[in-house]
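Biologist: Let us go through this model together. I will ask what backs each term.

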Amino acid sequence: MKIAVLGTGIVGRTLAHGLADEGHQIAIGSRAGGPVDGWEGAVGTFAELLVDADVAVLAVKGSVAENLVRSLASNLAGKVVIDTTNPIADAPPVDGVLTFFTTGDSLLERLAAAAPEASFVKAFNSVGAARMVHPTYQEGRPSMFMCGPDVAKGVVAPLVESLGWEVEDMGGPVSARAIEALCMLWCIRGFNNGEWTHAFKLLH
Ligand SMILES: NC(=O)c1ccc[n+]([C@@H]2O[C@H](COP(=O)([O-])OP(=O)(O)OC[C@H]3O[C@@H](n4cnc5c(N)ncnc54)[C@H](OP(=O)(O)O)[C@@H]3O)[C@@H](O)[C@H]2O)c1
């Protein structure tokens, strides 16, 4: 697949390398479209890369995601977008608990409203970049909670599985309210115990 990774941070670079290793054609996008640290492959501006991408990975700062997606709405039309973002506010954590700028709704729902012809699938938001690709745990494969429109999830699920995850389909876009909240839960252990390498597993 041709995959446009929109974001040059640790998440974008980690997923770009992981998906490239699985044989996909990857390019990493940024505002300026210039070189990306630690990435020898294709680069471009966000808009340039979307022209012929089959799938996009959105990995930008949560607070800028809605405006960015609105500005790219026509470029994103018809695309499946793996949404890794979290609606983290600028306020510092309280007792290890992050503050979100969303109240009641989710960032994914706002992105879907900003680019209504794109299909957003929440994934990779509730684990740290250090364990995003082929995570290894004694207990087996961890769970990747996903939600979004069914057809798009059908495209994203095999990609997530190929990176070493057990997919847990949590339903439609509204379920992002719960999946985004998992980021808060995941980060508590990091802020309070200094551990950033854990992952969730659903036992059933
Ligand atoms: N860090 C983690 O382990 C982790 C884990 C799970 C989910 N997440 C989520 O994944 C997303 C990416 O996280 P990250 O830590 O990799 O990177 P980040 O520092 O949150 O975001 C970096 C990206 O945001 C873009 N950006 C910043 N300001 C912008 C603006 N005003 N307009 C357009 N783009 C802008 C940057 O573009 P340029 O390249 O042009 O500078 C860059 O590509 C976040 O939403 C985060 O909550 C992070």
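**Contacts and ligand**

Modeller: Start with His-24: its side chain reaches the backbone nitrogen of Met-1 at 3.1 Å. Keep in mind that the model is predicted.

Biologist: What makes the pair of His-24 and Met-1 a polar contact?

Modeller: The limit is 3.5 Å between N or O atoms. The His-24 side chain lies 3.1 Å from the Met-1 backbone nitrogen, so the pair falls within that limit.

Biologist: Where is His-24 found, and which residues does His-24 touch?

Modeller: His-24 is in the loop between helix H1 (10–21) and strand S2 (25–30). Not counting residues up to four places away in sequence, His-24 touches Met-1, Ile-3, Leu-19 and Leu-159. Contact means heavy atoms within 4.5 Å, so each of these residues meets that cut-off with His-24.

Biologist: How do you know that Thr-8, Val-11 and Arg-31 make polar contacts with the ligand?

Modeller: Check each value against 3.5 Å. A side-chain N or O atom of Thr-8 is 2.7 Å from a ligand oxygen, so Thr-8 qualifies. For Val-11, a backbone N or O atom lies 2.9 Å from a ligand oxygen, so Val-11 qualifies. A polar backbone atom of Arg-31 is also 2.9 Å from an oxygen of the ligand, so Arg-31 qualifies. Taken alone, the ligand exposes 900 Å², and the protein buries 72% of that.

Biologist: Why do you say that the ligand sits in the largest pocket?

Modeller: Sitting there requires more than half of a molecule's atoms within 2 Å of the pocket's grid points. The ligand is assigned to the largest pocket, so it meets that test. H1 and helix H3 (62–71) are the elements that give two or more residues to the shell around the ligand.

Notes
Residues numbered from 1 in each chain as written. Predicted model: local features only at pLDDT ≥ 70, side-chain atom pairs only at ≥ 80, totals over all residues. Heavy atoms only, no water. Helix = DSSP H or I, 4+ residues; strand = E, 2+ residues; numbered from the N terminus. Polar contact = N/O pair within 3.5 Å; in protein donor to acceptor, adjacent residues only side chain to side chain. Areas by Shrake-Rupley, 256 points an atom, 1.4 Å probe, with all protein chains shown as cover. 1 Å grid on protein atoms, 1.4 Å probe; cavity = no way out; pocket = protein on both sides within 12 Å on 5 of 7 lines; lining within 4 Å.
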